[in-house]
Amino acid sequence: MQVAAAPAQPATPVGTVSGLPVPRYVSLKSDRVNLREGPSKDHRVTWVFQRAGLPVEVTAEFETWRRIRDSEGAEGWVLHSLLSGRRTALVAPWEKGQTFDMRDQTDAKSAVTARLQAGVIANVRSCDGTWCSVMVRDVGGYMKQDRLWGVYPHEQVK
């Protein structure tokens with residue numbers, strides 16, 4: 001008796017330098033990160049990020065450089081040493097001026113542990129594809145995953 005092989009899962013694209021998935025979310029290590037037009041220090045600085053922990057998306061790799069995109073769509077190149085694998089997320093940056101409830105359980109009716117303004121950086125502890133366990137300063141709780149920029153829809157973070 002022959003058993004048919006299971007269909008192959010599409011391979012996750014990986015970076016040619018790091019071997020890590022591309023695209024992927026990371027965060028900025030420093031309060032001062034130069035965003036450049038191209039992958040070398042000879043290229044012009046187009047923006048300076050001034051917020052350590054800010055989540056960014058790595059979209060390409062070239063030697064020691066990573067092309068990144070921020071939550072507003074700005075793209076450019078940064079040295080890989082200025083990036084951290086620590087996962088962070090912005091609370092609904094597309095909803096400026098709004099506040100969002102962080103809950104004590106993965107239930108929209110559970111108690112509110114904090115009200116977070118749009119644009120706040122949260123440390124992502126884990127995500128189950130619908131809810132993420134996050135920390136902001138010393139307060140922990142759960143946020144709906146679709147309210148966070150820095151995790152993919154339905155991504156599971158362990």
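User: Why is aspartate 101 called partly exposed rather than buried or exposed?

Analyst: In this predicted model, aspartate 101 has a relative accessible area of 28%. Buried means under 20% and exposed means over 50%, so a value in between is partly exposed.

User: And what makes arginine 115 count as exposed?

Analyst: Arginine 115 has a relative accessibility of 57%, and the cut-off for exposed is over 50%, so arginine 115 counts as exposed.

User: How do you know that arginine 115 and aspartate 101 form a salt bridge?

Analyst: Their closest N and O atoms are 2.4 Å apart. The limit is 4 Å between a side-chain nitrogen of Lys or Arg and a carboxyl oxygen of Asp or Glu, so the pair qualifies. Aspartate 101 sits in strand 9 (residues 99-103) and arginine 115 in strand 10 (residues 112-117), so the bridge ties together parts 14 residues apart in sequence.

User: What makes the pair of arginine 69 and glutamate 75 a salt bridge?

Analyst: The N to O distance is 3.7 Å, and the rule asks for within 4 Å, so this pair passes too. Arginine 69 has a relative accessible area of 27% and glutamate 75 one of 41%. Both values fall between 20% and 50%, so each residue is partly exposed. The two also belong to a salt-bridge network with Glu57 and Arg67.

User: Which residues does glutamate 61 pair with, and are the partners buried or exposed?

Analyst: Glutamate 61 meets arginine 66 through their side chains, at 3.8 Å from N to O. That is within the 4 Å limit, so it is a salt bridge. Glutamate 61 and arginine 66 are both buried. By this rule the model has 10 salt bridges.

User: How do you know that cysteine 127 and cysteine 132 form a disulfide?

Analyst: Their sulfur atoms lie 2.0 Å apart, and the cut-off is 2.5 Å, so they count as a disulfide. The count by this rule is one disulfide. The angle about the S-S bond is 105°, and the link is right-handed. Both cysteines are buried.

User: Why is the pair of tyrosine 25 and tryptophan 149 called edge-to-face?

Analyst: The ring centres are 5.0 Å apart, with 80° between the planes. Centres must lie within 6.5 Å to pair, and planes over 60 degrees apart count as edge-to-face, so both tests are met. Tyrosine 25 lies in strand 1 and tryptophan 149 in strand 14 (residues 148-149), so the pair ties together parts that are 124 residues apart in sequence. Tyrosine 25 and tryptophan 149 are both buried.

User: What makes the pair of tyrosine 25 and tyrosine 152 tilted?

Analyst: Their planes are at 40° and their centres 4.4 Å apart. An angle that is neither under 30 nor over 60 degrees falls in the tilted class, so that is the name here. This pair links strand 1 with the loop between strand 14 and strand 15 (156-157), 127 residues apart. Ring pairs thus join Tyr25, Trp149 and Tyr152 into a cluster.

User: Why does tyrosine 25 count as buried while tyrosine 152 counts as partly exposed?

Analyst: Tyrosine 25 has 9% relative accessibility, which is under 20%, so it counts as buried. Tyrosine 152 has 22%, which lies between 20% and 50%, so it is partly exposed.

User: Which residues touch the most other members of the largest nonpolar core?

Analyst: Val91, Leu116, Val134, Met143, Leu148 and Val151 do, in a core of 18 residues. Strand 8 (88-91), strand 9, strand 10, strand 11 (121-128) and strand 12 (131-136) each supply at least two of its residues. A second, separate core of 14 residues includes Tyr25, Leu35, Ile68 and Val78.

User: What is notable about the backbone at glutamate 63 and alanine 92?

Analyst: Neither is a glycine, yet glutamate 63 has a positive phi of about 50° and alanine 92 one of about 30°. Glutamate 63 is in the loop between strand 4 (55-62) and strand 5 (65-69), and its 54% relative accessibility is over 50%, so it counts as exposed. Alanine 92 is in the loop between strand 8 and strand 9, and at 0% it is under 20%, so it is buried.

Terms used
Residues are numbered from 1 along each chain as its sequence is written. This is a predicted model: local features need pLDDT of at least 70, side-chain atom pairs count only at pLDDT 80 or more; totals for chains, interfaces and linings use all residues. Side-chain values use heavy atoms; hydrogens and water are left out. Buried means under 20% relative accessible area, exposed over 50%, partly exposed in between (1.4 Å probe, protein chains only). Helices (H or I, at least four residues) and strands (E, at least two) are DSSP runs, numbered from the N terminus. A nonpolar core is a set of buried Ala, Val, Leu, Ile, Met, Phe, Trp, Tyr and Cys residues joined through side-chain atoms within 4.5 Å. Rings of Phe, Tyr and Trp (its six-membered ring) pair if their centres lie within 6.5 Å; planes under 30 degrees apart count as stacked, over 60 as edge-to-face and the rest as tilted.
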